[in-house]
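What follows is a guided reading of one protein chain, taken region by region. Please keep the sequence and the 3D view at hand while you read.

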Amino acid sequence: MKKTLRKWLAAVTALMCIITCRQQVLAAQGTIKMTASRSEVEIGETFTLTIDIECKGGSMADMSLSYSSTYLELIECPENDYNRSNGRLLVDAASSDKETKTFVFRTLAKGSTTVYLSVIKFVSIEGSEISGYGNSLTTTVNIVEKTDKPDEKPSDDATIKNISITNGKLEPDFSPEITKYKVYLPEKTGKLDLTVYTNSEKATVQDYDTSLSEGWNDVMITCVAEDSSTRTYVIRAYVEEEPTVFYELNGQRLGVVKNLDKVEYERFKKKETKTGGDTITVFTGSYFRLLYLVNEKGEKDFYLYDKNKNKVTELFRPLTYNNMYYVAENANYSGYPYMEEDFIRTKVRIADREVDGWSFRDNSQQEFEIVCLTDEKGDTQLYKLDTRDNTVQRYVHPGKKENRNDLPVYVYITGGRAGLVMIALAIVMINRKKN
């Protein structure tokens, strides 16, 4: 019996030793450190105090921070963990191995001062108390008089580092060396929303007016350097103007867009013209005339313009063939009588329009249709439309050969040659009589 009891006591003792050793191992792994970013600081400057709590698996630390308010002013601290009224710092690191807390102090008076960190309790996440922190951790900072720095030459940097606009886009992109910009804004924009950043911290920006009215506005931004030198940046802001000239087309009211700075159409030139008491801009080609209009939905596009009648005829949706623009026209059936035998009159859909044209009677040609197109020189002729890919090529009906225009020319030339022969024979006969 005594032998069995001894064995049991020995096992319990061994187990207690293992637990004790385990707690000591855990305790040996925990550390708290406190360091200052600077050991010597001038009066009025700041330094950072860093507290590092580290324990494998996580920990909880209850500490008290104290310092002299004669020498130091606390300006930043971890508000969620630090109680300013009693100086208690409570850090629950949970499962994190390491926690760092920072405090920023401003120095107030000359002298040497010490910051104290008293560790009240430090335990691991498993609940084992970590020993070795009964005494306070300390760090000492030496505060010295502010030294006089040599006079520095005032900065002459009056450049702007960046101008940020939230309701528009600068053109070109901002560069400190470029001082003139444009920005285009929609109708009824009353203000240019911008923020200015100077290149030098010592530079300032004069007050500027960002209010806008319809049309062109100049927003002047002047940057003033430390030495009072200046640089002015100009932003020309255009607020879309409401049209004053209107045209009607298919029940739509279309207004003439006033500002055409960024509007171009290849091979067309801008030309101003008078209509009533207003001046409008017409895009002129060799034959076609275009206006740039906006509908009631705010959608802008080019429209064919008849200057003689001062009216808009259709949306400009040309085909391009042989590097030339073509516009679909309604076929004048009476002008093409020879087409009736091989074709059927029909409506042809081409370039977003439906016009009068022809379809083939021959079933093998059902994918082709014949349309009238006017080119940019003003010539109207027949073209064969491939409805599969909306491409065209010039079409000449075989029946048109019967109406050749070269016959009168041929007759004229033949008659001319016969006349010359008759004149030559007459001259020969006259010479014979004389002899």
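At 6% relative accessibility, Tyr 326 counts as buried, and a good place to begin is with this residue and its partner, keeping in mind that the model is predicted. Tyr 383 is buried too, with a relative accessibility of 4%. A pair of aromatic rings is described by the distance of the centres and the angle of the planes. The structure contains 28 aromatic pairs, one of which is formed by Tyr 326 and Tyr 383, edge-to-face, with 5.2 Å from centre to centre and 70° between the planes. Because Tyr 326 belongs to strand E25 (residues 324-329) and Tyr 383 to strand E29 (residues 380-386), this pair ties together parts that lie 57 residues apart in the sequence.

Aromatic residues also gather in a group: Tyr 265, Phe 268, Phe 283, Tyr 287, Phe 288, Tyr 292, Phe 302, Phe 316 and Tyr 325 make up one aromatic cluster. One member of that cluster, Tyr 325, has the charged end of Arg 267 over its ring, 4.3 Å from the ring centre. Arg 267 itself is found in the loop between strand E18 (252-256) and strand E19 (269-275), and with a relative accessibility of 37% it counts as partly exposed. Most residues other than glycine have a negative phi, and most peptide bonds are trans. Arg 267, although not a glycine, has a positive phi of about 70°.

Which residues does Glu 376 touch, leaving aside those up to four places away in sequence? They are Arg 267, Ser 286, Tyr 287, Phe 288, Met 324 and Tyr 325, and the side chain of Glu 376 reaches the backbone nitrogen of Tyr 325 at 2.7 Å. Glu 376 is placed in the loop between strand E28 (368-375) and E29, and its relative accessible area of 14% means that it counts as buried. Another charge over a ring involves Lys 384, which lies over the face of Phe 368 at 4.3 Å from the ring centre. After E29 comes a loop that leads to strand E30 (391-394) and holds Asn 390, a residue that is not a glycine and yet has a positive phi of about 60°. Asn 390 is partly exposed, with a relative accessible area of 34%.

The next stop is a sheet. Strands of a sheet pair through backbone hydrogen bonds, either parallel or antiparallel. Four strands, in the order E12-E16-E15-E14, form an open sheet whose pairing is mixed. Strand E12 (180-185) and strand E14 (204-205) stand at the edges with a single partner strand each, so that one side of each has no neighbour in the sheet. Strand E15 (residues 215-224) and strand E16 (residues 230-239) are paired in the antiparallel sense over 10 bridges, and the bridge partner of Val 219 in E16 is Ile 235. In the loop between strand E11 (160-165) and E12 lies Pro 172, which is joined to Glu 171 by a cis peptide bond with omega of about 0°.

Strand E7 (residues 88-92) shows how the two faces of a strand can differ. In a regular strand the side chains alternate between the two faces of the sheet. In E7, Leu 89 and Val 91 form the covered face, whereas Arg 88, Leu 90 and Asp 92 form the uncovered one. Strand E4 (residues 59-66) runs antiparallel to E7 and is joined to E7 by five bridges, with Val 91 in E7 as the bridge partner of Ala 61. Strand E6 (residues 82-83) also pairs with E7 in the antiparallel sense, over two bridges, and here Tyr 82 has Leu 89 as its bridge partner in E7. E6 and E7 form a hairpin with four residues between them, and Gly 87 in the turn has a positive phi of about 75°.

Finally, Glu 45 is found in the loop between strand E2 (40-42) and strand E3 (46-54), and is partly exposed, with a relative accessible area of 25%. The C-alpha atoms of Glu 45 and Thr 107 are separated by 5.8 Å, although these residues are 62 residues apart along the chain. Glu 45 also makes a polar contact of 2.9 Å, side chain to side chain, with Arg 38. As for the cysteines, the structure holds zero disulfides; Cys 55 is buried at 2% relative accessibility, and Cys 223 is buried at 0%.

Conventions
Residues are numbered from 1 along each chain as its sequence is written. This is a predicted model: local features need pLDDT of at least 70, side-chain atom pairs count only at pLDDT 80 or more; totals for chains, interfaces and linings use all residues. Side-chain values use heavy atoms; hydrogens and water are left out. Rings of Phe, Tyr and Trp (its six-membered ring) pair if their centres lie within 6.5 Å; planes under 30 degrees apart count as stacked, over 60 as edge-to-face and the rest as tilted. Buried means under 20% relative accessible area, exposed over 50%, partly exposed in between (1.4 Å probe, protein chains only). A charge sits over a ring if NZ of Lys or CZ of Arg is within 6 Å of the ring centre and within 35 degrees of the ring normal. Two strands pair if DSSP finds at least two bridges between them. A disulfide is a pair of cysteine sulfur atoms within 2.5 Å. A polar contact is a pair of N or O atoms within 3.5 Å; within protein, one must be able to donate a hydrogen and the other to accept it, and residues adjacent in sequence count only if both atoms are side-chain atoms. Contact means heavy atoms within 4.5 Å.
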